[in-house]
Amino acid sequence: MATKRNRDDQRDSRSIGREDVAPKARALQETTSRSRASAKPPTAKGGLKERARRIHERLSEAEPAPKCELDFRNGFELLVATILSAQSTDRMVNQVAPEVFRRWPTPQALAGAAQEEVEAVVKRTGFFRNKAKSIRTAAQAIVEKHRGEVPRTMEELIELPGVARKTANVVLGTAYRITTGITVDTHVGRVARRLELTQEEDPTKVEQALMALFPREAWIDTGHRLLLHGRYVCTARASDCAHCPVNELCPSAAAKPEGPWPERAERERRRVESRGEAE
Ligand code: SF4
């Protein structure tokens with residue numbers, strides 16, 4: 001007798017053959033079929049990769065040109081803003097960082113700044129003593145070891161004070177479009193686990209799992225997409241599963257999908273573009 005998982009796998013393999021169906025027609029098929037809507041997506045290895053491909057397809061529709069929400073004009077500003085964003089919001093950092101850049105516009109200027117003055121400016125982002133120290137000492141290292149230029153390799157970046165793999169991925173991918181990995185923050189980790197793309201909690205292991213599932217050329221944008229999806233739809237406190245474009249592909253979906261997925265993708269696009277203001 002076929003097990004439930006086998007039946008689910010068969011459903012999914014049938015659906016793979018439908019990938020050439022026009023997205024809208026396919027979405028209607030998916031959302032009007034009760035059995036399909038309630039089917040738990042497959043997590044077997046082959047099924048997982050295919051599911052990741054379809055998640056990628058839908059999130060790409062929802063977020064065709066995903067952007068980092070931190071404001072910056074160059075790699076140095078993005079590095080500083082990303083360090084300041086730890087345990088804070090991008091909105092808060094975007095309010096505070098312009099004053100940092102006005103007073104200390106270059107690594108040389110920030111390297112020579114007084115700790116207390118920097119602390120006073122970055123105070124509202126939280127953990128201000130450590131953050132002030134990190135951005136000052138990172139600037140000093142950039143001046144002393146990299147002739148005032150933010151380095152462009154993972155190995156060199158993670159040597160800078162206050163810079164771990166997440167920050168390095170943000171700077172390399174967003175400021176320079178250099179692909180080295182997938183940025184994994186708290187949103188990306190949560191979404192990846194809810195989608196059962198991984199069970200890992202450790203960000204480096206989550207990143208490795210995602211890198212194995214998504215094509216290298218999509219790593220930078222995939223990081224942005226999962227982050228924005230987690231920030232505006234699959235939120236920590238109240239995920240909006242009914243309007244989620246990847247609902248049918250998610251083992252953690254807590255509600256049935258409303259409408260075809262392209263409409264939900266369009267809704268997510270508007271929500272992300274308006275930074276959560278549009279419904
Ligand atoms: S269906 Fe719900 S839990 Fe799954 S990714 Fe979408 S919002 Fe998150």
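**Exercise 1. Work out whether Phe127 is buried, partly exposed or exposed, and say where Phe127 sits.**

*Solution.* Start with the neighbour count: Phe127 has 14 C-beta neighbours inside 10 Å, so Phe127 counts as partly exposed. The cut-offs behind that step are 20 or more for buried and 12 or fewer for exposed. Bear in mind that this is a predicted model. Next, place the residue: Phe127 belongs to the loop between H8 and H9. Finally, check the backbone: phi of Phe127 is near 45°, which is a positive value in a residue other than glycine.

**Exercise 2. Do the same for Arg177: which loop holds it, and is it buried or exposed?**

*Solution.* Step one is location. Arg177 lies in the loop between helix H11 (165-176) and helix H12 (186-194). Step two is the backbone, where phi of Arg177 is near 55°, again a positive value in a residue other than glycine. Step three is the count: with 8 C-beta neighbours inside 10 Å, Arg177 comes out as exposed.

**Exercise 3. Describe how H8 and H9 pack, and find what Glu119 contributes.**

*Solution.* First, the geometry. Helix H8 covers residues 115-122 and helix H9 covers residues 128-146; their axes are 8 Å apart and the packing angle is about 120°. An oblique pair falls outside the 65 to 115 degree window for roughly perpendicular and is not over 145. H8 and H9 are therefore oblique to each other. The crossing of this pair, H8 and H9, is right-handed.

Second, the residues. On the H8 side, the contact is made by Gln115, Val118, Glu119 and Val122, and on the H9 side by Phe128, Arg129, Lys131, Ala132, Lys133, Ile135 and Arg136. Sorted by class, the residues of this H8 contact with H9 give five nonpolar, one polar and five charged.

Third, zoom in on Glu119, which is in helix H8. Glu119 has 16 other C-beta atoms within 10 Å, so Glu119 is partly exposed. Setting aside neighbours within four places in sequence, Glu119 is in contact with Phe128, Arg129 and Ala132. As a distance check, the C-alpha atoms of Glu119 and Asn130 are separated by 8.6 Å, with the two residues 11 apart along the chain.

**Exercise 4. How many residues of helix H5 are buried, and what do they pack against?**

*Solution.* Count first: eight of the 10 residues of helix H5 (residues 75-84) are buried, so H5 is largely enclosed by the rest of the structure. Now name them: the buried residues in H5 are Phe76, Leu78, Leu79, Val80, Ala81, Thr82, Ile83 and Leu84. Then look for partners. The buried residues of H5 pack against helix H6 (90-103), helix H7 (107-111), H8, H9 and H11.

Take H6 as one partner to examine. The axes of H5 and H6 cross at roughly 135° and come within 10 Å. H5 and H6 are therefore oblique to each other, and their crossing is right-handed. Glu77, Val80, Ala81 and Leu84 make the contact from H5, while Val93, Val96, Ala97, Val100 and Phe101 make it from H6. By class, this contact of H5 with H6 has eight nonpolar, no polar and one charged residues.

**Exercise 5. Which residues does Val171 touch, and how far from Leu78 is its C-alpha atom?**

*Solution.* Begin with the setting: Val171 is in helix H11. Val171 has 30 C-beta neighbours inside 10 Å, so Val171 counts as buried. Not counting residues up to four places away in sequence, Val171 touches Gly75, Leu78, Leu79, Thr82, Val150 and Leu157. For the distance, the C-alpha atoms of Val171 and Leu78 are separated by 6.3 Å, although these residues are 93 apart along the chain.

**Exercise 6. Sum up the protein chain, then characterise the shell around the ligand.**

*Solution.* For the chain, tally the secondary structure: 15 helices and zero strands. Of its 279 residues, 40% count as buried. Among contacts with a separation of 6 or more, 61% are between residues 24 or more positions apart.

For the ligand, 15 residues lie around it, and Cys234, Cys241, Cys244, Cys250 and Ala253 come nearest. Split by class, the shell has 10 nonpolar, three polar and two charged residues. One thing to watch in that tally is that Cys counts as nonpolar here.

Methods: Residues numbered from 1 in each chain as written. Predicted model: local features only at pLDDT ≥ 70, side-chain atom pairs only at ≥ 80, totals over all residues. Near = placed C-beta within 6 Å. Axes fitted to C-alpha atoms, helices over the stretch in contact; angles between N-to-C directions. Helix = DSSP H or I, 4+ residues; strand = E, 2+ residues; numbered from the N terminus. Parallel < 35°, antiparallel > 145°, perpendicular 65-115°, else oblique. Left-handed = near helix turned anticlockwise from the far one by under 90°. Contact = placed C-beta atoms within 7 Å.
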